[in-house]
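Thanks for coming. I have one structure to go through today, and I will start with a question once it is on the screen.

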Amino acid sequence: MKNKKYNKIKRLLAALGALLLFAMYALTLVFALTDHSSTKGLLKASVACTIILPVLLYAFMLVYRLAGGNRSSDEEDRPQ
């Protein structure tokens, strides 16, 4: 029961992350194609976020996994 809820939350967070990345790519394209005085700074910020955000998310997941937060379901069910 707990595992199903965890999988639903995980799937929802993955979908939200994919939507966020898509929005950042779309905004980068819009900022690159528009000719306004403030779009140069917005384009730089958008490109930076497009690169930095996935790298930070990967780093957080790696640290969480190395800290022992990613136990398999077999380990959770075992009595200690």
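Is the crossing of α1 and α2 left-handed or right-handed? Before I answer, please keep in mind that this is a predicted model. The answer is that α1 and α2 cross in a left-handed way.

Let me step back to the overall layout. The protein has 3 helices and 0 strands. Going along the sequence, the pattern reads α-α-α. The protein has 80 residues, and 8% of them count as buried.

Now to the helix pair. Two packed helices are described by the angle between their axes and by the distance between those axes. Here, helix α1 covers residues 2-33 and helix α2 covers residues 39-66. They pack at an angle of about 155 degrees, and their axes are 9 Å apart. An angle over 145 degrees counts as roughly antiparallel, so α1 is roughly antiparallel to α2.

Which residues meet between the two helices? From α1 we have Leu20, Leu21, Met24, Tyr25, Leu27, Thr28, Phe31 and Ala32. On the α2 side they meet Thr39, Leu42, Leu43, Ser46, Val47, Cys49, Thr50, Leu53 and Pro54. Sorted by class, this contact of α1 with α2 has 13 nonpolar residues, 4 polar ones and no charged ones.

I want to look at one of the α2 residues, serine 46. Is serine 46 buried or exposed? Its relative accessible area is 9%, so serine 46 is buried, the cut-off for buried being under 20%. Apart from neighbours within four places in sequence, serine 46 is in contact with Met24, Leu27, Thr28 and Phe31. With threonine 28, there is a polar contact of 2.4 Å between the two side chains. With methionine 24, the partner is the backbone oxygen, which lies 3.4 Å from a polar atom of the serine 46 side chain.

Next, threonine 39, which also lies in helix α2. Threonine 39 has 10% relative accessibility, so it counts as buried. Setting aside neighbours within four places in sequence, its contacts are Phe31 and Thr34. Phe31 therefore appears on both lists, since serine 46 is in contact with Phe31 and threonine 39 is in contact with Phe31, where contact means heavy atoms within 4.5 Å.

The last residue I will show is leucine 57, again in helix α2. How accessible is leucine 57? Leucine 57 is partly exposed, with a relative accessible area of 46%. Leucine 57 and glycine 17 are 40 residues apart along the chain, and their C-alpha atoms are separated by 9.7 Å.

That is what I had to show. I will leave the model on the screen for discussion.

Technical notes: Residues numbered from 1 in each chain as written. Predicted model: local features only at pLDDT ≥ 70, side-chain atom pairs only at ≥ 80, totals over all residues. Heavy atoms only, no water. Axes fitted to C-alpha atoms, helices over the stretch in contact; angles between N-to-C directions. Helix = DSSP H or I, 4+ residues; strand = E, 2+ residues; numbered from the N terminus. Parallel < 35°, antiparallel > 145°, perpendicular 65-115°, else oblique. Left-handed = near helix turned anticlockwise from the far one by under 90°. Nonpolar A, V, L, I, M, F, W, Y, C, P; charged D, E, K, R; others polar. Buried < 20%, exposed > 50% of the residue type's maximum accessible area, 1.4 Å probe, protein only. Polar contact = N/O pair within 3.5 Å; in protein donor to acceptor, adjacent residues only side chain to side chain.
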